[in-house]
Amino acid sequence: MIKWILLAIGFLSSQVWAGEVKVTDGDSLVMQGRRIRLQGIDAPEYYQTCGDKDGLDYPCGQKALEFMRRLVEGKNVSCKKIATDIYKRDLSECFANGQNLNLKMLANGWAVVYRTDNPQYLKAQNQAKKAKKGLWQGKFMTPELYRILMKH
């Protein structure tokens, strides 16, 4: 029932979307044909590798994608559009059964804060860093820098 109410709100306001979701990477989803980028976070790129606690490389981009898939699997997902980025994706805050996916990715260390000063996001990232969760277990390049270097 809630899913359909959110769908109706989405159609009326163009601000909230709910429904079946496909995870394309750790910070991007596709829902109802809409490309959605989770606002305020940046997850490693699919082919990006990072160093684990022992200094060994591991596929952190794939780990971030897998973590996001586990967060949304079998759950009602809704996204609230905040803005549109230069690639015409909806910059959104998304929820799975009421849990904020943006915050969950940060809190578990599978994304970093990106172009925001949201205190909740900064706190979640700092807690993940302190606990050495996800990316914070070892060395990694920020996804933004990785994208820049991979263009050359």
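**A charged pocket lining and a nonpolar core**

In this predicted model, the lining of the largest pocket breaks down into 11 charged, 6 nonpolar and 3 polar residues. That makes 20 lining residues in all, and the ones sitting nearest the pocket's centre are Arg-37, Tyr-87, Arg-89, Tyr-114 and Arg-147. The pocket itself has a volume of about 480 Å³. As for where the lining comes from, β4 (34–38) and α5 (143–150) each chip in at least two residues. Helix α5 gives the largest share, with 3 residues.

Next comes the inside of the protein. In soluble globular proteins, nonpolar side chains tend to be buried together. Here, the largest nonpolar core gathers 34 residues, and Leu-29, Met-68, Leu-101, Met-105 and Trp-110 have the most contacts inside it. Quite a list of elements puts two or more residues into this core: β3 (28–31), β4, α2 (60–72), β8 (77–84), β9 (90–96), α3 (101–107), β11 (112–113) and α4 (119–130). Out of these, α2 hands over the largest share, 7 residues. Strand β4 thus turns up in the core as well as in the pocket lining.

Leu-29 is a handy residue to zoom in on. Setting aside neighbours within four places in sequence, Leu-29 touches, among others, Val-21, Val-23, Ile-36, Leu-38, Met-68, Cys-79 and Cys-94. Its contacts also include Lys-22, Arg-34 and Arg-35.

How far does the predictor trust all this? The mean pLDDT of the chain is 91, with 90% of its residues reaching 70 or more. Residues 1–13 are another story: pLDDT stays under 50 there, and the model has 16 contacts beyond four places in sequence for this stretch.

Note on methods:
Residues are numbered from 1 along each chain as its sequence is written. This is a predicted model: local features need pLDDT of at least 70, side-chain atom pairs count only at pLDDT 80 or more; totals for chains, interfaces and linings use all residues. Side-chain values use heavy atoms; hydrogens and water are left out. On a 1 Å grid over the protein atoms alone, a cavity is a set of points where a 1.4 Å probe fits but cannot get out, and a pocket is an open set with protein on both sides within 12 Å along at least five of seven lines; lining residues have an atom within 4 Å of a point. Grid points are joined across faces, edges and corners, and a volume is the space filled by probe spheres set on the points. Helices (H or I, at least four residues) and strands (E, at least two) are DSSP runs, numbered from the N terminus. Ala, Val, Leu, Ile, Met, Phe, Trp, Tyr, Cys and Pro count as nonpolar, Asp, Glu, Lys and Arg as charged, and the others, Gly among them, as polar. A nonpolar core is a set of buried Ala, Val, Leu, Ile, Met, Phe, Trp, Tyr and Cys residues joined through side-chain atoms within 4.5 Å. Buried means under 20% relative accessible area, exposed over 50%, partly exposed in between (1.4 Å probe, protein chains only). Contact means heavy atoms within 4.5 Å. pLDDT is the predictor's confidence in each residue, from 0 to 100.
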